[in-house]
Amino acid sequence: MRVGLLIYGDLDSRSGGYLYDRRLVASLQQQGDTVDIISLPHGPYWRELFNRHDIASLIHPDLDILIQDELVHPSVVRTNPLLKQQTGIPIVGLVHLFASFANQPVYKRWLYRRIERRYIESVDGLILNSHNSLNQARALAAADRLPPYVIAVPAGDNFADVSTPEANTPPPSSGPLKLLYAGNVIRQKGLHVLLQALRQLPERDFQLTVAGRLDMEPAYINSIRATIQQRRLQDQVTLAGPLNSEQLARLYQSHHVFVLPSVNEAYGIVYVEAQQFGLPAIGTTAGGAGEIITDGHNGYLIRPGDSTALARLLQTLHNDRELLQNLGNNALQAYRHHPVWEDTGRTIRTFLLDLISRKGDKN
């Protein structure tokens, strides 16, 4: 099978979505398939809606199927029908997160909704990363217009050289609670909510490490730095910036709790990664975190923006180290029952072959 993958920019981007794409490419290649990476320049959303990229000229004549990372939808939503006429190959949308469900002004969500609905109607199939994404696709699609789909959840086995512990290391009986936030520092990820929670706790009770890019929303990161300075949290909060896999693994190993109070996490690979190291995770009831975190069993779910509830949970975990240990053990067990990337790749490959077969039967 020869597969095309259409993306914006560089596949080596460190975002969670492109990690999924890289893992998919590696899995297909390991199963004997050829994968062509087709890259488009990433321009402003509204300009891309009116760009007419000649995708047909970029794909190999022997291509069997084309996967489009859904991020490129503004560049292809108007041209996909023509592309299918020109090539006759099935087109599959790979969905990480629908823009119309992001935390943004109502008018933007309305426009994105119309555009993404049209995009769904322009493809022959969808690869979805969670049941949450499936619900969003169903909400977007016109009645009876949802194409065939498969749910292939992201995996957390992203640290090849790190062995999963047989049992979770007991946390120290005293000392600060070590919190880890791993994600790009943008508003939707909720670092400001975490800082608001920490302002309600005694400084001696916690230490926070923030791992992720600091350059994506300059105004937001400036407000984060200002909060840290105004509240004199410099000794308790470390902005570590982007880290490689080895560095990130060491942070998972040396912290007690993972916190990412995101308002727009379609799934959340990092929650699964944290479980590999026996860290209970705290997410929100928005998005797909509830598909990974069982509230009160291997972590907690709070309402988006509820810093008071978050502060209460963190203080409880600081005071009750036995509870922290039990949650960590349950997190480790949850990870062991989670699909690995090999499972995800096989699921997607079976779906792709089925779509190709259906297309052949129709012809």
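## Reading the labels

Helices (H or I, at least four residues) and strands (E, at least two) are DSSP runs, numbered from the N terminus. By these labels, E70 is found in the loop between β3 (65–69) and α3 (73–76).

Residues are numbered from 1 along each chain as its sequence is written, and side-chain values use heavy atoms, with hydrogens and water left out. This is a predicted model: local features need pLDDT of at least 70, side-chain atom pairs count only at pLDDT 80 or more, and totals for chains, interfaces and linings use all residues.

## One sheet: β7 to β12

Strands of a sheet pair through backbone hydrogen bonds, either parallel or antiparallel. Two strands count as paired here if DSSP finds at least two bridges between them. One open sheet has six strands with parallel pairing, in the order β9-β8-β7-β10-β11-β12. β9 (237–241) and β12 (299–302) stand at its edges. Each has a single partner strand, so one side of each is left without a neighbour in the sheet. From one strand to the next, the twist averages 20°. Such angles run from 0 to 180 degrees between N-to-C directions, with axes fitted as lines to C-alpha atoms (for helices, over the stretch in contact).

Look at one edge. Strand β11 (residues 281–284) pairs with β12 in the parallel sense, over four bridges. One match to find is I282, whose bridge partner in β12 is Y300. Helix α7 (residues 191–198) packs on this sheet. Helix α7 touches β7 (177–182), β8 (206–211), β9 and β10 (257–259), and its direction makes about 170° with that of β8. Helix α11 (residues 307–319) packs on the sheet too. Helix α11 touches β7, β10, β11 and β12, and its direction makes about 165° with that of β12.

## The other sheet: β1 to β6

A further open sheet of six strands has parallel pairing, in the order β2-β1-β3-β4-β5-β6. Its edge strands are β2 (34–40) and β6 (149–151), and each pairs on one side only. On average, neighbouring strands of this sheet are turned by 20° against each other, direction ignored.

Strand β1 (residues 2–8) and β2 run parallel, joined by seven bridges. In β2, V35 stands opposite V3.

## Inside strand β4

How many of the residues of strand β4 (residues 91–95) are buried? Five of the five are, so β4 is largely enclosed by the rest of the structure. Buried means under 20% relative accessible area, exposed over 50%, and partly exposed in between (1.4 Å probe, protein chains only). Both faces of β4 are covered. I91, G93 and V95 lie on one side, V92 and L94 on the other.

β3 and β4 pair in the parallel sense over four bridges. Here D69 has L94 as its bridge partner in β4. Four bridges also join β4 to strand β5 (residues 125–128), and these two run parallel. V95 stands opposite L128 in β5.

## Three buried residues

I65 is found in strand β3. I65 is buried, with a relative accessible area of 0%. I65 and R2 are 63 residues apart in sequence, and 6.9 Å apart in space, C-alpha to C-alpha. Contact means heavy atoms within 4.5 Å. Not counting residues up to four places away in sequence, I65 touches nine listed partners, including R2, V3, G4, L352 and I356.

E70 is buried yet has no salt bridge. A salt bridge is a side-chain nitrogen of Lys or Arg within 4 Å of a carboxyl oxygen of Asp or Glu. The nearest side chain of opposite charge, R113, is 12 Å away from E70. Lys and Arg count as positive, Asp and Glu as negative; His and the chain ends are not counted. Leaving aside its neighbours within four places in sequence, E70 is in contact with L94, V95, L97, F98, E116 and Y119.

H318 is found in helix α11. H318 is buried, with a relative accessible area of 13%. Beyond its neighbours within four places in sequence, H318 is in contact with G175, L177 and D205.

## Two nonpolar cores

A nonpolar core is a set of buried Ala, Val, Leu, Ile, Met, Phe, Trp, Tyr and Cys residues joined through side-chain atoms within 4.5 Å. The largest has 56 residues. Those with the most contacts inside it are L191, L208, Y252, F258 and L314. Helix α11 gives this core its largest share, six residues. Another core lies apart from it, with 54 residues, among them Y45, L66, V123 and A155.
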